[in-house]
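Here are my notes on the model you sent round. Have a look at the fold first, then read on.

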Amino acid sequence: MEVEVDEKDLRSAGAELLTDGRRGLRISVWEIESRNRSILTSLALQQWEQNLQTCHLPEMIFGESCLVLKHVGSGTKIHFNAFDALAGWKQEGLPPVEVPAAAKWKFRSKPFQQVILDYDYTFTTPYCGSETVELDADKRESGEISGGSSGLHWEDCEEQLDVAALALKEPILFYDEVVLYEDELADNGVSLLTVKVRVMPSSWFLLLRFWLRVDGVLMRLRDTRMHCVFDESANPVILRERCWREGTFQALSANGYPTDSASYSDPSIISQRLPVIMHQTQKLRVPGNL
C-alpha cells in the first residue's frame, strides 16, 4: 500500500520527513523509521545460526529490516527485528506440528541428508517487540543513568484500544509494512512475521502479526497492536494489546466453515473465526526527558 503524503498535511501536523535516505518522519516527540532490506546472505545466515544455537531457520530472513519508534527526549526505543523474534521462537520451543506431509519434509532443507523434524518448524514466536534506551554520549559519560537497564515496565491494565479514534478519517502521514521473516513450509502453508505502522496527525498505530497456516491442519494468529496518542505530556503512554488465536481445520470444518486453503489466505478475514487463546492489554508510560 503506497501512501502519498501531502506536504500541507505534514506541515499542519508539525511533522517532517527524515533525510539522508532514511524512510520515516519526525512528529511530536517521536522519530519513526522503517527499513526494508534484502534477505540474509549465506555468511550472515551462518552467523545467525551460531548466535541462536540452531541449524533451523526460516527460508527468508530479512535480517537488516526493522521498524524503530524512538522517543527523542528520553532515548526510549520501541523496535522490531527478526533476530529478537527468532530468539523468542527458540526460547518458547513449541513441539512440532504433526502434518501428513512430514515424510517429505525431512528433505526440505538438506536434500541429501535426513532431517528429523524435532523442532518447531513453524517458527511461531511470542515476540511482541523490543525496548531499549539510547543515551547520548554526554549522559553516558556522566553516569547519570546506567546503560545496562532500560528501566521500562509494561503494566497490565483494563484500558482498551480506542477503535473509534483509529477509525477517524485522518490524513496518513506515513505508512509502511516490514517483513521480518517468511517460510512457505515446503509448499504446505505459510509462516510469516510482519509489522505495519501508520502515523496520523493525532497518533501512531502499529500491528505486529505472526501468521501461520499449515494446510489441512492448523492456523495460528498472534497479533500485537500498539497505539500512542500525541499530547503535550512529557511522559506519553503506549497502549499494547496482544491477542493470540488458534484453530484446527477440523474444528473450523465442524463449525461449517470451508477448509480449502484459498479461503484462508488472508488472516484478517478469518481472524474472527479462530478461537482466542490469550488476550492481554498493557500500557507503558515512557520516561520523561533524561
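**Notes on the sheet and its spaces**

1. Let me start with one residue pair: Val195 has Leu208 of strand 11 as its bridge partner. Keep in mind that this is a predicted model.

2. That bridge belongs to a longer ladder. Strand 10 (residues 189–199) and strand 11 (residues 203–214) are antiparallel and joined over eleven bridges.

3. Zooming out, the sheet is open and has eight strands, paired antiparallel in the order 4-9-10-11-12-13-14-8. Strand 4 (60–61) and strand 8 (155–156) are at the edges with a single partner strand each, so one side of each has no neighbour in the sheet.

4. Now the helix on top of this. Helix 3 (residues 82–92) lies across strand 4, strand 9 (174–183), strand 10, strand 12 (218–229) and strand 13 (237–248). Relative to strand 9, helix 3 runs at about 45°.

5. On aromatics, I'd point you to one of the three aromatic pairs in the structure. The ring centres of Trp30 and Trp204 are 5.6 Å apart and the planes are at 85°, so this pair counts as edge-to-face. It also links distant parts of the chain, with Trp30 in strand 3 (residues 30–35) and Trp204 in strand 11, 174 residues apart.

6. What about enclosed space? There is one cavity of 30 Å³ or more, and the largest cavity has a volume of about 40 Å³. Its lining includes Leu208, the residue that bridges to Val195. Also among the lining residues are Tyr127, Phe210, Arg222, Arg242 and Trp244. Strand 11, strand 12 and strand 13 each supply at least two lining residues, and by class the lining has six nonpolar, two polar and two charged residues.

7. Which residues lie nearest the centre of the largest pocket? They are Leu207, Arg209, Asp223, Arg225 and Ser268, out of 16 that line it. The pocket holds about 290 Å³ of space. Strand 11 gives the most to this lining, with four residues, while strand 10, strand 12 and strand 13 each supply at least two. The lining of the largest pocket splits into seven nonpolar, three polar and six charged residues.

8. Last, the second largest pocket, with a volume of about 230 Å³. Asp162, His227, Val229, Val237 and Leu239 are the closest to its centre among the 15 residues that line it. Strand 12 and strand 13 are the elements that give two or more residues to this lining. By class, the lining of the second largest pocket has six nonpolar, five polar and four charged residues.

Note on methods:
Residues are numbered from 1 along each chain as its sequence is written. This is a predicted model: local features need pLDDT of at least 70, side-chain atom pairs count only at pLDDT 80 or more; totals for chains, interfaces and linings use all residues. Side-chain values use heavy atoms; hydrogens and water are left out. Two strands pair if DSSP finds at least two bridges between them. Contact means heavy atoms within 4.5 Å. Axes are lines fitted to C-alpha atoms, for helices over the stretch in contact, and angles run from 0 to 180 degrees between N-to-C directions. On a 1 Å grid over the protein atoms alone, a cavity is a set of points where a 1.4 Å probe fits but cannot get out, and a pocket is an open set with protein on both sides within 12 Å along at least five of seven lines; lining residues have an atom within 4 Å of a point. Grid points are joined across faces, edges and corners, and a volume is the space filled by probe spheres set on the points. Ala, Val, Leu, Ile, Met, Phe, Trp, Tyr, Cys and Pro count as nonpolar, Asp, Glu, Lys and Arg as charged, and the others, Gly among them, as polar. Rings of Phe, Tyr and Trp (its six-membered ring) pair if their centres lie within 6.5 Å; planes under 30 degrees apart count as stacked, over 60 as edge-to-face and the rest as tilted.
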